[in-house]
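Work through the exercises below with the sequence and the model open side by side. Each task is followed by a solution in steps.

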Amino acid sequence: MKRLFAVVGLLVAWGVVYAQRQAAQNLVITNARIIDGNGGVIPRGSVVIRNGRIASVSAGNASEPGARQIDVRGMTVMPGFIDDHRHVIGASFPPGDPVQWLKEEAMVRMQEFLDGGFTTIQSCGDPPEQIVELQRRLNAGTIKGPGLFTDAFVQLSRPPNGARGPLRVDPARTDQSRPPNRPTVAAAAIPDEETRASVRQLKQAGINVIKAVLAATPGGPEEHTLTVVVDEAKKAGLPVYTHAVSVDDTLAAVRARTTVLVHTPHIGQLTQEQARTIASAGIPMMSTLGVFLPAFAADNQRIRARSGLDNIARFRDLDPFPFETLSSAGQGPVNARLLWEAGITYGYGTDTTFLPKDSLAQELRALRLVFSAQDVIKILTRNAAAVIGRSKDIGTLENGKLGDVVVIDGDPLANAEDLLKVKAVIKDGQIVVDKR
């Protein structure tokens with residue numbers, strides 16, 4: 001009975017905290033250049049946030065009784081940034097101890113996302129137990145940070161030498177989809193019921209998304225197994241995100257009816273017909289183009305911390321850049337533009353563990369090869385929300401959506417690099433960053 005009263009007391013306490021939080025979430029942002037994410041721009045307007053959600057977006061001044069007034073003095077107000085593909089836990093490949101990370105680093109790392117303007121992130125490859133626990137803490141408010149959605153892997157075949165152990169190198173360095181590493185013999189199949197059971201177990205563990213890596217072996221089972229994963233995940237109400245980085249694997253994932261493609265195909269060049277085939281399937285795609293551009297210490301805090309102020313080209317894992325992968329830096333953006341012209345929903349994702357601001361700078365370098373500043377904003381906000389199935393709540397500044405807002409000191413429609421000039425961030429109607 002004492003324990004029952006203690007639990008009830010805890011719930012009441014949380015209810016009081018929640019009520020106080022809700023009461024504090026009335027804001028009026030005035031004197032703003034508003035980019036709404038839908039393509040609309042209000043040169044001088046206001047955004048009203050009530051109880052954590054957007055109540056109005058309008059030209060001129062607005063008022064809300066009892067609300068806190070925020071005059072942004074002509075700066076740009078736009079939807080919170082969304083990264084559809086992050087490796088959250090650990091600071092490099094291979095990852096460190098996830099339990100230690102959760103204990104010692106999680107709070108600081110989550111604040112880094114907010115500082116960079118990111119109000120929502122999708123984990124696409126983290127230890128399941130720890131990423132679910134991180135999500136729980138974020139949702140409970142014991143850690144301040146972005147909205148987080150989780151995933152976990154289901155295998156599509158058995159590797160020839162049995163199950164893989166922990167990764168010792170960044171898998172993008174020795175990608176099995178890239179010749180000469182691509183398998184030349186069929187992999188062993190996994191029984192369908194075992195695959196279905198894996199999906200059900202991840203659902204029970206609280207995972208939001210099933211992820212699969214598709215690198216089809218000659219005559220192998222991967223495409224069939226992916227159809228089984230998709231079918232079982234649909235029964236469980238879960239989307240399936242498929243890693244497919246070659247043109248052939250991307251087409252196979254489309255045939256299997258995956259929910260989302262987590263990479264732009266960057267091994268092989270798409271034809272316009274292939275681009276139309278992929279886009280017409282209605283399956284959205286994440287960008288992740290910046291991985292295959294060299295990064296440098298002067299532009300990246302994590303590289304500086306590891307290697308100092310040097311001029312050595314570095315890869316995502318912070319080690320020297322593998323130039324045999326450099327063709328992807330050109331094929332990826334060209335394929336992205338072909339798919340965009342064909343009508344695909346294309347959203348922002350980085351596939352990195354760099355600081356969020358550094359990841360954004362790196363991804364912008366690749367995106368700006370083939371996309372306009374207006375395109376980039378759409379990719380980073382509205383499209384990124386659509387890719388992860390969250391358009392109902394985030395991605396645009398519209399009535400009823402969450403009060404996730406970024407204040408930019410500049411005009412990212414004139415210069416996309418102004419997206420790096422974050423001055424304030426509002427998450428669920430709460431001011432979580434203010435550097436004005």
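**Exercise 1.** Find the residue that stands opposite I34 in strand β2, then describe how β1 pairs with β2 and its other partners.

Solution. The model is a predicted one.

Step 1. The residue in β2 that stands opposite I34 is I42.

Step 2. Strand β1 covers residues 27-35 and β2 covers residues 41-50; six bridges join β1 to β2, and the two run antiparallel. They form a hairpin with five residues between them, and in the turn G37 has a positive phi of about 90°.

Step 3. I34 also stands opposite V77 in β5. Strand β5 (residues 76-79) runs parallel to β1 and is joined to it by two bridges.

Step 4. Strand β4 (residues 68-71) is parallel to β1 too, with four bridges between them. Here T30 has D71 as its bridge partner.

Step 5. Seven of the nine residues of β1 are buried, so this strand is largely enclosed by the rest of the structure.

**Exercise 2.** State the strand order of the open sheet of three strands, and place helix α4 on it.

Solution.

Step 1. The order is β6-β7-β8, with parallel pairing.

Step 2. β6 (81-86) and β8 (147-149) are the edge strands, each pairing on one side only. Direction ignored, neighbouring strands of the sheet are turned by 15° against each other on average.

Step 3. Strand β7 (residues 118-123) is joined to β8 by three bridges. In this pair, I121 stands opposite L148 of β8.

Step 4. Helix α4 (residues 128-140) packs on the sheet and touches β7 and β8. The direction of α4 makes about 150° with that of β8.

**Exercise 3.** Work out which way the side chains of β11 point, and whether S246 in the loop after β11 is buried or exposed.

Solution.

Step 1. In a regular strand, side chains alternate between the two faces of the sheet.

Step 2. In β11 (residues 240-243), V240 and T242 point one way, while Y241 and H243 point the other way. All four are buried.

Step 3. Strand β10 (residues 209-213) pairs with β11 in the parallel sense over four bridges. V213 stands opposite H243 in β11.

Step 4. S246 lies in the loop between β11 and α7 (247-255). Buried means under 20% relative accessible area. S246 has 5% relative accessibility and therefore counts as buried.

Step 5. Not counting residues up to four places away in sequence, S246 touches R182, P265 and I267.

**Exercise 4.** Classify the packing of two helix pairs, α8 with α10 and α5 with α6, from their angles.

Solution.

Step 1. Helix α8 (residues 272-280) packs against helix α10 (residues 327-342) at an angle of about 60°, and their axes are 8 Å apart.

Step 2. Angles under 35 degrees count as roughly parallel, and 65 to 115 as roughly perpendicular. α8 and α10 are therefore oblique to each other. The crossing in which α8 passes α10 is right-handed.

Step 3. On the α8 side, the residues in contact are Q272, A275, R276, I278 and A279; on the α10 side they are L338, L339 and A342.

Step 4. For helix α5 (residues 192-204) and helix α6 (residues 222-236), the axes come within 9 Å and cross at roughly 40°. That angle makes α5 oblique to α6. α5 also passes α6 in a right-handed crossing.

Step 5. Residues of α5 in this contact include V199 and R200, and those of α6 include V228 and V229.

**Exercise 5.** Identify the residues that touch the most other members of the largest nonpolar core, and follow one of them to its neighbours.

Solution.

Step 1. In soluble globular proteins, nonpolar side chains tend to be buried together.

Step 2. The largest nonpolar core has 96 residues, of which F81, L134, I210, L226, I278 and Y346 touch the most other members.

Step 3. Take I278: leaving out residues up to four places away in sequence, I278 touches T250, L251, V254, L261, L270, M285, L339 and I344.

Step 4. A second, separate core has 17 residues, among them V47, M75, A424 and I426.

Technical notes
Residues are numbered from 1 along each chain as its sequence is written. This is a predicted model: local features need pLDDT of at least 70, side-chain atom pairs count only at pLDDT 80 or more; totals for chains, interfaces and linings use all residues. Side-chain values use heavy atoms; hydrogens and water are left out. A nonpolar core is a set of buried Ala, Val, Leu, Ile, Met, Phe, Trp, Tyr and Cys residues joined through side-chain atoms within 4.5 Å. Buried means under 20% relative accessible area, exposed over 50%, partly exposed in between (1.4 Å probe, protein chains only). Contact means heavy atoms within 4.5 Å. Two strands pair if DSSP finds at least two bridges between them. Axes are lines fitted to C-alpha atoms, for helices over the stretch in contact, and angles run from 0 to 180 degrees between N-to-C directions. Angles under 35 degrees count as roughly parallel, over 145 as roughly antiparallel, 65 to 115 as roughly perpendicular and the rest as oblique. A crossing is left-handed if the near helix is turned anticlockwise from the far one by less than a right angle, and right-handed if clockwise.
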